Amino acid sequence: MVCKNEEITIMREFQSRKEGLRRLQKLPLEHKINLSKNLILNCIETFGDQQVYISFSGGKDSTVLSSLLCSLKSNILHLFSDTGCEYPETLSFVREERQRGKNIISVYPICRDGSIWTFERVVATYGYPLFSKAIANGIRTYRHAKTPITKQHALDYLEHMYPQALSYLDYNISDLCCEKLKKSPLKRTARQMQMQCSIIGTLAEESQIRKRDWIAYGSNIFFQKKDNQCRPLSFWTNQDIWSYIKLYKLPISNLYNQGYQRNGCMYCGFGLCSERRKFGINRFERLAQTHPKQYEYMISRWASFFKECGIPY
């Protein structure tokens, strides 16, 4: 049990870190660049430049991260997860970055038994990634709970945090797609190459989960979790990313010229509702306009599921 005084101390520390993040996010870009480089150098000094790598997605954030890192260590290793459902523009951009001299190795979603994880296989086995990671995790936990206690905890969580998700408790929804297609293969490859730390380009402002994680751990998470992480862009904003791209005239994926806000996997259903509220169109609807062949593949398999879940497509 946490006593009252300890609870007060914890809350004060949380508020202090929360305010610290806000102050960092308001800094000029030049200051953020210097802070980020120092975080990267701290990572390299801790683990060595041969035992760290960039988790490279081909998106704008990881492209900025790559630029910062390569200004310090030009041949730093980039591991790119080719999930099998990347946008063609992402794959083209990764090839172009290789031609520009980036040290990029592609990682594929191969299971321990040698079989290939495809998006269809993941959906059939675990469920479709829909609504948000938090909601999908709650629904998956509820549906596949091994004990009544776990099932009740998942239900309590959804009732408290996401009551709108209660209508979909029996639907085949899960948050494990990214784990199977991207994270696990990437980590396995990194271990095989004896890498000690990943450098990732996530921003705390992207989600409440990432914001809370930064407040708890900061930017460099060494020897605290199972995997070491350097997150030097955590306190950057989306506007900072675009300002850096413009300032240094960075080439980026042509996907952004077609109206997409992020790259990621073509068939991912996380964040669709918020996209429609913000931009009047979600990525599935945009996919119909920009990539009709991939769109037809998607709706031929999951249109009825989207309709049942109230997802515009």
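Which residue in β5 is the bridge partner of I54? The structure shown above is a predicted model, and in that model the bridge partner of I54 in β5 is I199. The pairing belongs to a wider connection, since strand β1, residues 52-56, and strand β5, residues 197-199, run parallel and are joined by three bridges.

These two strands can be placed in the sheet to which they belong, an open one of six strands whose order is β3-β2-β1-β5-β7-β6 and whose pairing is mixed. At its edges lie β3 (103-107) and β6 (220-221), each of which pairs on one side only. Helix α4, made up of residues 88-99, packs on this sheet and touches β1, β2 (77-81) and β3, with a direction that makes about 145° with that of β3.

Within strand β5 it is worth pausing at S198. Is S198 buried or exposed? With a relative accessible area of 9%, S198 falls under the 20% limit and is therefore buried. When its neighbours within four places in sequence are left aside, the residues in contact with S198 are Y53, N228, Q229 and C230; of these, Y53 falls within the residue range of strand β1.

From the sheet the reader can turn to the helices, beginning with α3 (residues 60-70) and α10 (residues 238-247), which pack at an angle of about 55° with their axes 10 Å apart. Because of that angle, α3 is oblique to α10, and the crossing of the two helices is left-handed. On the α3 side the contact involves K60, D61, V64, S67 and L68, which meet N238, I241, W242, Y244 and I245 in α10. Sorted by character, the residues of this contact comprise six nonpolar, two polar and two charged.

A second helix pair is formed by α12, residues 283-290, and α13, residues 292-308, which pack at an angle of about 145° with their axes 8 Å apart. The crossing of α12 and α13 is left-handed. Helix α12 contributes F284, L287, A288, Q289 and T290 to the contact, while P292, Q294, Y295, M298 and F306 come from α13. How many residues of the contact of α12 with α13 are nonpolar, polar and charged? The division is seven nonpolar, three polar and no charged, whereas the contact of α3 with α10 includes two charged residues.

Terms used
Residues are numbered from 1 along each chain as its sequence is written. This is a predicted model: local features need pLDDT of at least 70, side-chain atom pairs count only at pLDDT 80 or more; totals for chains, interfaces and linings use all residues. Side-chain values use heavy atoms; hydrogens and water are left out. Axes are lines fitted to C-alpha atoms, for helices over the stretch in contact, and angles run from 0 to 180 degrees between N-to-C directions. Helices (H or I, at least four residues) and strands (E, at least two) are DSSP runs, numbered from the N terminus. Angles under 35 degrees count as roughly parallel, over 145 as roughly antiparallel, 65 to 115 as roughly perpendicular and the rest as oblique. A crossing is left-handed if the near helix is turned anticlockwise from the far one by less than a right angle, and right-handed if clockwise. Contact means heavy atoms within 4.5 Å. Ala, Val, Leu, Ile, Met, Phe, Trp, Tyr, Cys and Pro count as nonpolar, Asp, Glu, Lys and Arg as charged, and the others, Gly among them, as polar. Two strands pair if DSSP finds at least two bridges between them. Buried means under 20% relative accessible area, exposed over 50%, partly exposed in between (1.4 Å probe, protein chains only).
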